[in-house]
Amino acid sequence: MQHLWTRREFLTKLGMAAGAIGMLNHFRSPSVFAREERMELFEVKQVADGIYAAIAVPQHKVNCNAAVIMNEDGVVVVDTHSKPSAARALVKSIAEITRKPVRQVINTHFHWDHWQGNEAYSALFPDIEIIASQATRENMTNPNAGNGGLGSIERQLKTLPEEIAQLQADLAKASNAEVRSRLESALQQTMAYLGELKGLKPALPTLTFERSLTLYKQGREIRLLFLGRAHTSGDLFVYLPKEKILVTGDCIIDWMPFLDDGYPEEWVKTLDEVEKLDFTTMIMGHGQVAGRDRLVFLRSFLADLIVAVKKAAADGATLDEIKRHVPDQLAPQYEQGMSKYPRGQYRERIGGNIEAVYTKVIRKG
Ligand SMILES: [Zn+2]
């Protein structure tokens, strides 16, 4: 059924949502506050006709990017960030572009920063379909799946108070104004995040698929593809063949990749499959919109990392020795391209990446 929202319907729904967002600064009108708050979270960029990338602004509690695809019958949104308030902020930006409702939400994978905002869409759009791969839905409900899902929400609720206490202790010790301001902001964000997480009513996918699912929209084809295990066991790509756009989730990001829930060798093979697709533009899980070169760079990094760790282990090096030598060995080729943003930099993640490859490839853990 086609349902175009009236402005009144939208404002009523969003008004209800705004109430849940919390205090509004009384010196500014709510609309000004809302706009500033949104600009702190996303920069919405047009990528093609009716297709937008919501690029997340770096935050202490990370949000993923979203892709927004406008269609005749409504909007498709890929990924929903770490919290409902971030998803609601994006809905407000979408409402400035179109009055059509969001009809489908797609979760690229189960990590916390890509789906914890789902419930905002379910609350605002009761007919919404939330789509993921079957493996991703299973990961969301498996308490031991890793860095996302229902189990991870419970774990975060346990660890966040300790994180807050640590930030408070660090703040009490800090004298440098810049450090204090960074810690104050991190503390404020973490407390607000804990507050939201306590009230979370996680909305799981309502529609899943094994290998592929295509949404045929008027004038647009949206292909959801599972091309093999990679960053997780259920990553999906959203491919628009006519527009030559690929939405990658965290299989391809402009940061260092995160391997903890990943399959390093299969990831490289999956990226070989991605390379066969005809596209020119990528909206990635984190970082700016890019061309195919980032796929080539990331694939090359993963392949070289695996070779370097394997060779060092074969030469008899221990994990500690590998972690001391391989970062410098790969740095000339990769450090700069993997350290473009404040988060997810080369030196921050290379140790964890080496350990993941060592455990998963050498020790087959
Ligand atoms: Zn992510």
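Here are some short exercises with worked solutions on the predicted model shown above.

**Exercise 1. Get your bearings**

Task: Work out how many helices and strands the protein chain has, and what share of its residues is buried.

Solution: Start with the secondary structure: the protein chain has twelve helices and twelve strands. Next, turn to burial, where 40% of the 365 residues count as buried. Finally, look at contacts between residues with a separation of 6 or more: 67% of them join residues 24 or more positions apart.

**Exercise 2. Explore the largest nonpolar core**

Task: Find which residues of the largest nonpolar core touch the most other members, and say which domains contribute to this core.

Solution: The core holds 82 residues, and those touching the most other members are A67, V68, L90, V102, F237 and V238. At least three residues come from each of domain 1 (7–144 + 202–291) and domain 3 (297–362). Now take V238 as a close-up. Leaving aside residues up to four places away in sequence, V238 touches A67, V78, I106, I222, L224 and V247.

**Exercise 3. Two helices that cross**

Task: Describe how α10 and α11 meet, giving the angle, the handedness and the residues in contact.

Solution: First locate the helices: α10 spans residues 293–314 and α11 spans residues 319–334. Their axes come within 10 Å and cross at roughly 145°. The crossing is right-handed. On the α10 side, the contact is made by F301, D304, L305, A308, V309, A312 and A313. The α11 side supplies I322, H325, V326, Q329, L330 and Y334. Sorting the residues of this contact by type gives ten nonpolar, two polar and one charged.

**Exercise 4. What covers a helix?**

Task: For α6 and then α12, list the buried residues and name elements that pack against them.

Solution: Begin with α6 (residues 134–141), where A135, T136, R137, N139 and M140 are buried. These pack against β6 (129–133), α7 (149–173) and β7 (207–209).

Move on to α12 (residues 346–362). Its buried residues are Y346, R349, I350, N353, I354, A356, V357 and Y358. Their cover includes α9 (264–275), α10 and α11. After α12 comes K364, with a positive phi near 50°.

**Exercise 5. Two loop residues with positive phi**

Task: Place D79 and K244 in their loops, and decide whether each is buried or partly exposed.

Solution: A word of background helps: most residues other than glycine have a negative phi. D79 has a positive phi, near 75°, and sits in the loop between β4 (74–78) and α3 (84–97). Count its neighbours: 30 other C-beta atoms lie within 10 Å of D79, so this residue is buried, the cut-off being 20 or more.

K244 also has a positive phi, near 55°. Its loop runs between β10 (237–240) and β11 (245–247). K244 is partly exposed because it has 14 C-beta neighbours inside 10 Å.

**Exercise 6. A residue in α5**

Task: Say where A123 lies, how it is classed for burial, and how far its C-alpha atom is from that of P84.

Solution: A123 belongs to helix α5 (residues 118–124). With 18 other C-beta atoms within 10 Å, A123 is partly exposed. Last, check the distance: the C-alpha atoms of A123 and P84 are separated by 9.9 Å, while the two residues are 39 residues apart along the chain.

Key: Residues numbered from 1 in each chain as written. Predicted model: local features only at pLDDT ≥ 70, side-chain atom pairs only at ≥ 80, totals over all residues. Axes fitted to C-alpha atoms, helices over the stretch in contact; angles between N-to-C directions. Helix = DSSP H or I, 4+ residues; strand = E, 2+ residues; numbered from the N terminus. Left-handed = near helix turned anticlockwise from the far one by under 90°. Contact = placed C-beta atoms within 7 Å. Nonpolar A, V, L, I, M, F, W, Y, C, P; charged D, E, K, R; others polar. Buried ≥ 20, exposed ≤ 12 C-beta atoms within 10 Å, placed from the backbone. Core = buried A, V, L, I, M, F, W, Y, C linked by C-beta atoms within 7 Å. Domains from an automatic or database assignment.
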